[in-house]
Amino acid sequence: MKKALKRFLVAGAVVLSLAGCQKAAQEPAVATNAGSEEASKPKETNDKSITVGVSLLNNAHVFYNNIEAAMNEKAKEMGYQLIIQDAAGDGNKQLNQVQDFITQKVDAIVICPTNSAGSKSMVELADAAGIPVFTMDVASDGEVISHISTDNYRGGELAAEYTVEHILKQKAGQAAVITYAEIEGCVQREKGFTEWLSKNAPDVSVVDVQNYSGDQGKAAEVMQNMLLKHENLDVVFCVGDPAAVGAMSSIDAVGSNVKVIGFDGNPEGIEAILSGGNWIADIAQDPSAIGITTLECIKKHLAGESVEKLIPIPPRVVDASNLK
């Protein structure tokens, strides 16, 4: 009887062990069904090295180069491992990068979406795998843990304020906007500019708003079109420095006196402002602060601390007076 009982207990233990292995193999499917809850839960970090997957919108833009440099430096300080990829403005490429991050089982994912609309699917994939997602610079239409970016609406307001303080001092004249309709942050810059003027300087007419879709060459064409349509145009607000570079090429080509206000604070903008040409001001972002704040936000979340859903980084006006 004792031997028979012993054999029965051993057999039962083997069955339980096999059942446990089967359950472990099925766990990813369970995580898929309850993704949003899993992604919002802090992971057990202990002394394990944290790995963060980062997909940047386009490394051809110096703004993202600066974000990447700041993140790499901060990650060394924190002991984090970064996997940084360049989406090169391609939504499909970015989707593949996020899928690779999920396969690699990173602890968190950071996305600078190539397009605000439609990036929800990437967020949902990571969410289903239980990986928290954060966005930088460009907001997603998906539900992320936190979005860290320039206070874009305020930046547009600053450009409008500068317009009436330094260009259209009589609070009357014509303005135009070269926008980037695919990127929500740039749309907010446009809105900040036009809405501030509407409320505070109604005699300044925004006579044209055209989209350059992030293409510097297209910005030059847009500016040409604006100059032909509006002979009395005084100033153009460009929601990104690449748009301002394109606009300036057309303005210089015809010897126009239209003034330009850019947005980014990139080296080409600073150089143009200091040269004394028609590009007279820029709304400068702080890419280093965006990258560093994002990693700090990830650390808090993984440690179980609450983080703000939106973390705005203040922009500032730069012109010849404060760049000297």
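# Close-ups of a predicted model

**View 1. Helix H9 and what packs over it.** The buried residues of helix H9 get their cover from several elements, including strand S6 (173-179), helix H8 (216-229), strand S8 (235-238), strand S9 (259-264), helix H10 (267-274) and strand S10 (279-284). Keep in mind that this is a predicted model. H9 itself takes up residues 241-254, which makes 14 residues. From its first C-alpha to its last it reaches 20 Å, close to the 20 Å expected at 1.5 Å a residue. The buried residues here are Asp241, Pro242, Ala243, Ala244, Gly246, Ala247, Met248, Ser250 and Ile251. Just after the helix comes glycine 255, with a positive phi of about 70°.

**View 2. Serine 250, a buried spot on H9.** Let's zoom in on one residue of helix H9, serine 250. Is serine 250 buried or exposed? Its relative accessible area is 4%, so serine 250 counts as buried, the cut-off being under 20%. Setting aside neighbours within four places in sequence, serine 250 is in contact with Ala220, Met223, Gln224 and Leu227.

**View 3. Strand S8 and its partners.** S8 is covered on both faces. Val235 and Phe237 are buried on one side, while Val236 and Cys238 are buried on the other. S6 pairs with S8 in the parallel sense, over four bridges. If you want to find one of the bridge pairs, look for isoleucine 178 and its partner in S8, cysteine 238. S8 also runs parallel to S9, and three bridges join the two. For a pair here, try valine 235, whose bridge partner in S9 is lysine 259. Now follow the chain from S8 through H9 to S9: this β-α-β crossover is right-handed.

**View 4. Aspartate 264, in strand S9.** Stay with strand S9 and look for aspartate 264. What is phi for aspartate 264? It is near 155°, a positive value in a residue other than glycine. Aspartate 264 is also buried, with a relative accessible area of 5%.

**View 5. Serine 213, in a loop before H8.** Serine 213 sits in the loop between strand S7 (204-211) and H8. Serine 213 is not a glycine, yet it has a positive phi of about 55°. With a relative accessible area of 26%, serine 213 is partly exposed.

**View 6. Serine 116, a buried loop residue.** Which two elements does the loop holding serine 116 connect? They are strand S3 (108-111) and helix H5 (120-128). Serine 116 has a relative accessible area of 9%, so this loop residue is buried, under the 20% cut-off. What does serine 116 touch? Not counting residues up to four places away in sequence, the list is Val138, Ala139, Ser140, Asp141, Glu182, Ile183 and Glu184. Glutamate 184 deserves a second look: its backbone nitrogen lies 3.0 Å from a polar atom of the serine 116 side chain.

**View 7. Helix H11 and the glycine that follows.** H11 covers residues 287-302, so count along 16 residues as you trace the helix. The helix reaches 23 Å from first C-alpha to last, close to the 22 Å expected at 1.5 Å a residue. Its buried residues are Pro287, Ile290, Gly291, Thr293, Thr294, Leu295, Cys297, Ile298, His301 and Leu302. After H11 you'll meet glycine 304, whose phi is positive, near 90°.

**View 8. Methionine 136 and threonine 293.** Methionine 136 belongs to strand S4 (residues 133-136). Its relative accessible area is 0%, so methionine 136 is buried. Threonine 293, one of the buried residues in H11, is 157 residues away from methionine 136 in sequence. How far apart are the two in space? From C-alpha to C-alpha, methionine 136 and threonine 293 are 9.6 Å apart.

**View 9. Zooming out to the chain.** To finish, here is the setting for the close-ups. The protein chain has 12 helices and 12 strands. Of its 324 residues, 46% count as buried. Take the contacts with a separation of 6 or more: residues 24 or more positions apart account for 70% of them. The accessible surface of the chain comes to about 15,900 Å², and 50% of that belongs to carbon and sulfur atoms.

Conventions
Residues numbered from 1 in each chain as written. Predicted model: local features only at pLDDT ≥ 70, side-chain atom pairs only at ≥ 80, totals over all residues. Heavy atoms only, no water. Expected span 1.5 Å × (residues − 1). Buried < 20%, exposed > 50% of the residue type's maximum accessible area, 1.4 Å probe, protein only. Contact = heavy atoms within 4.5 Å. Areas by Shrake-Rupley, 256 points an atom, 1.4 Å probe, with all protein chains shown as cover. Pairing = 2+ DSSP bridges. Right-handed = clockwise from strand over helix to strand, strands pointing away. Polar contact = N/O pair within 3.5 Å; in protein donor to acceptor, adjacent residues only side chain to side chain.
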